[in-house]
Amino acid sequence: MRTPSPAPAIPIAAPADSLPAGLPQVLDTVWGALARGVQERWTPWALPMLATVGSRGQPEARVIALRGADRQARTLTFHTDVRSAKAGALAAERRAAVTFWDPGDAVEARFTGRVTVHHEDDLALACWQDASALSKSAAAIALAPGTPLTRATPFEQLVQGGSPEMAFSHFAALVFAIETLDWLWLGPRDLRRARFEWGGRDGAGQWVVP
């Protein structure tokens, strides 16, 4: 029996001159990447990890699609089902973290902040109107996310033919208000790290030890 070859490592491709020149440029590159992530699909800046505090105080993390990024308001927006465990957890504990990792740019961006759950309000309606067909189909499922099934069931068999009003009633927008950013760059035989804090201050940033 042949021994399978090990999977090749993902190269860190960041060139030495890709390091931002200063702290303002760090923020410029991050917000530029976030803006691209809103428009892209299945790329590192489109699919971050959202970490929350569960109903029993346990940490929970999952990949979630980025739906909006507003630099002036310093917010990120995501979509979810209001019946989901994460929506319930965020209604009880708003603190959360969002992490992006881009192997091509060799950049990790870790945000912390607080989430507001918008359900059946004007902001939720605006997000619903811009939501993808897949998101709207998921919201049309009568069963709540996490409901046990007797077998692996194709998604299309779960989607119900209910009214758009019923589907919208299951939809929620999550608005993540950024409080801190921890940015790490892994260059060729080099590491750089910067930390930014808001909350009463206008984005105080500082280089820190990696």
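**Close-up views of a predicted model**

**View 1. H170 and its surroundings in the predicted model.** With a relative accessibility of 12%, H170 counts as buried, because the limit for that class is under 20% relative accessible area. H170 is placed in the loop that runs between helix α6 (164–169) and strand β7. Once residues up to four places away in sequence are set aside, H170 touches T80, D81, V82, R83, A139 and I141.

**View 2. The protein as a whole, as a frame for the other views.** Six helices and nine strands are found in the protein, and its C-alpha trace spans about 65 × 55 × 35 Å along the principal axes. Of the 210 residues in the protein, 35% are buried. Among contacts with a separation of 6 or more, 61% are accounted for by residues that stand 24 or more positions apart.

**View 3. The largest nonpolar core, with F100 as one of its residues.** This core holds 30 residues, and those with the most contacts inside it are L34, L76, F100, F111, F176 and L181. Two or more residues are given to the core by each of α1, β4, β5 (95–102), β6 (107–118), β7 (171–187) and β8 (190–197), and the largest share, seven residues, comes from α1. Apart from this core there is a second, separate one of 10 residues, which includes A124, C127, A131 and A173. For F100 itself, not counting residues up to four places away in sequence, the residues touched are L34, P44, W45, P48, L66, L76, V107, E108, A109 and F111.

**View 4. V107 in strand β6.** The relative accessibility of V107 is 9%, and V107 therefore counts as buried. Which residues does V107 contact when its neighbours within four places in sequence are left aside? They are W45, F100, W101, D102, W183, L184 and W185. One of these residues, L184, is 77 residues from V107 in sequence, yet the two are 5.7 Å apart in space when taken from C-alpha to C-alpha.

**View 5. T52 in strand β1 (residues 49–53).** T52 has a relative accessible area of 5% and is therefore buried. Its side chain makes a polar contact, at 3.1 Å, with the side chain of R62. When neighbours of T52 within four places in sequence are left aside, the residues in contact with T52 are Q58, P59, E60, R62, L90, R95 and A96, so that R62 appears both in this list and as the partner in the polar contact.

**View 6. The largest pocket and the residues that line it.** The space in the largest pocket comes to about 840 Å³. Its lining is made by 35 residues, of which R67, H79, L134, S135 and A138 are the closest to the centre of the pocket. The elements that each give two or more residues to this lining are α1 (23–39), β2 (59–63), β4 (75–81), α4 (133–139) and α5 (155–158), and the one that gives the most is α4, with four residues. By residue class, the lining divides into 19 nonpolar, nine polar and seven charged residues.

Definitions and conventions
Residues are numbered from 1 along each chain as its sequence is written. This is a predicted model: local features need pLDDT of at least 70, side-chain atom pairs count only at pLDDT 80 or more; totals for chains, interfaces and linings use all residues. Side-chain values use heavy atoms; hydrogens and water are left out. Buried means under 20% relative accessible area, exposed over 50%, partly exposed in between (1.4 Å probe, protein chains only). A polar contact is a pair of N or O atoms within 3.5 Å; within protein, one must be able to donate a hydrogen and the other to accept it, and residues adjacent in sequence count only if both atoms are side-chain atoms. Contact means heavy atoms within 4.5 Å. On a 1 Å grid over the protein atoms alone, a cavity is a set of points where a 1.4 Å probe fits but cannot get out, and a pocket is an open set with protein on both sides within 12 Å along at least five of seven lines; lining residues have an atom within 4 Å of a point. Grid points are joined across faces, edges and corners, and a volume is the space filled by probe spheres set on the points. Ala, Val, Leu, Ile, Met, Phe, Trp, Tyr, Cys and Pro count as nonpolar, Asp, Glu, Lys and Arg as charged, and the others, Gly among them, as polar. A nonpolar core is a set of buried Ala, Val, Leu, Ile, Met, Phe, Trp, Tyr and Cys residues joined through side-chain atoms within 4.5 Å.
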